[in-house]
Amino acid sequence: MAHRWETPGSVWLEDEHTAQFELASSEGLGRIERQAQPRGRLPDIAHLLGASLPLSCDCSPIYPEGFAFCPTCGAPLDKLAGRARTPPDWWGPWLDQLLPRHVPHGLNVTALALGETLEERPPAPAPGRPERSMPAPPNAHCVFAAGAFGFPAQRLIALAHARNVLQYWDPHGQAWHIMAPEENASDLSFGVAAASYAWLPASDPQRGEVGLVPTDRGLRRLFINPVSETYRTETVFDGLLASAPGAMRRHVACLVNGEAGTQLWSAHSDMSDEVVYDCDAPAGQWARPVGYDGKLFWLHAQGQLVWQPGAPPQWIAWPPGWSPRLQFGGPTQSRDGRLWLIGHDGQAYSFLELGKLAGQREELSGARLGFASLLFRRGHAVVGEPWGQEHVEDPHDDDAMVLPLLRGFNNNRSQPSGLVLRFHQYTGMAEDALAGRIIARTTFEWIGKRNVILDDIARLAHPLECVPFVYDNCLWLHHPDWNQVRGWRLDALP
């Protein structure tokens, strides 16, 4: 027989013979399997639920929320309830909800104050080194999200959507766990490249709620149960998705492969008032949407689809002979606020104005890598108009190439700053460096008021697969070829 203890969020059972406690149920977690509570997982479970842990006694390995003393021997407990300070969420740099409207959403831009802490390190040319590490997820080609997901503590998940594998990081056990689908849970597979993937977080999550995730069969609402190491889904929309979803103010939209061709599905954020528009647009790979000026932009090898909530979408094909270079980073802004995309017409590079049938073109003297005003030509920053001349500070950087990974947005800075990869002694074409050529020496740097070298990387290939993310007040850099994820400590972020 067991004694039943009820807390505001959970039900616990106390064995009358051993006096040990066991979690029976918890709000939002569904069924709790007894065998899913091995002792090695109990510290993580206690921090997730705000339960209590023993400090000196051996009466029970875990205690219900709010317990300050062991009811058997009276020894004080480590009361975790109410103690956790949750760092800011991270949903990929392309989904920062704190960015103002005049900054394009959907690009690798974050409002987190990374520069204020990274610039406290010794400036270049002093080399830096990672200060923390974690093992790479077993399925390394993945996207990361760090959030509380309705719990008192922040946690990190990694979704390998190409393989339908959801992975959960246990920071106390220092191990990744593969989460199993519960009965009737949908397949999470989505057949797009990681650079085209996007999910939408829940604004006010229930216990275990992650958010909206795209799958090959439609949009699903994802819930995780870290105690039982399982997940479940709820159907939001059924259809053969052609793109990741995007959000514009109070609307959600994504592209669908319908019987009559490509269609655009949209709904209010509460999933009411669903509307489906027919689009005169090709099928195939679509980049994740970019939100700007009240519109969503989906980019394709053959053109752009522009949609404003409440109006039909508009398909605009690229000019004849002109092809985009989406791998260079994405749209950027001119001084007057217009969006531009770099491409090539067979003879030279040029920027094309987005959102217009006959958009303006600006010819270039060479490739520009970057997005959202964080642009570089070779090893030099472009600080004026996207098609303007680069700003040469050191002529030796002519033999380097800079690939921006993440722009840090800060209203107090006149020039953009962010994280970049610098390819040293590289004089080839940008397309070759991004496609798979092995680069002998690369440095991972923060470019800002002070330039800081965070790491020196030897023999890097496929640099576009480098994924920066923020979790547990650390900046992390992941690459599928590495066994360890490299981390740098940050000051406590607001």
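These questions and answers cover one residue, the nonpolar cores and the cavities of a predicted model.

Student: Why is Arg221 called partly exposed?
Tutor: The relative accessible area of Arg221 is 21%. Buried means under 20% and exposed over 50%, with partly exposed in between, so Arg221 is partly exposed.

Student: How do you know that Arg221 lies in a strand, and which one?
Tutor: Strand β14 takes in residues 218-225, and Arg221 has its place there.

Student: What makes Glu234 a contact of Arg221?
Tutor: Contact means heavy atoms within 4.5 Å. Leaving aside neighbours within four places in sequence, Glu234 is among the residues in contact with Arg221, including also Arg232 and Met271. From C-alpha to C-alpha, Arg221 and Glu234 are 5.0 Å apart, although 13 residues separate them in sequence.

Student: Why is Leu166 counted in a nonpolar core?
Tutor: Such a core is a set of buried residues of listed types, Leu being one of them, joined through side-chain atoms within 4.5 Å. The largest nonpolar core has 58 residues, and Leu166 is one of those with the most contacts inside it. Apart from this core lies another of 56 residues, among them Cys142 and Phe423.

Student: What makes the space lined by Leu112 and Trp446, among others, a cavity?
Tutor: In a cavity a 1.4 Å probe fits but cannot get out. The structure holds 2 cavities of 30 Å³ or more, and the largest has a volume of about 60 Å³.

Student: Why is Gly28, in the lining of the second largest cavity, counted as polar?
Tutor: Gly is among the residues that count as polar. By class, that lining has 4 nonpolar, 3 polar and 2 charged residues.

Definitions and conventions: Residues are numbered from 1 along each chain as its sequence is written. This is a predicted model: local features need pLDDT of at least 70, side-chain atom pairs count only at pLDDT 80 or more; totals for chains, interfaces and linings use all residues. Side-chain values use heavy atoms; hydrogens and water are left out. Helices (H or I, at least four residues) and strands (E, at least two) are DSSP runs, numbered from the N terminus. Buried means under 20% relative accessible area, exposed over 50%, partly exposed in between (1.4 Å probe, protein chains only). On a 1 Å grid over the protein atoms alone, a cavity is a set of points where a 1.4 Å probe fits but cannot get out, and a pocket is an open set with protein on both sides within 12 Å along at least five of seven lines; lining residues have an atom within 4 Å of a point. Grid points are joined across faces, edges and corners, and a volume is the space filled by probe spheres set on the points.
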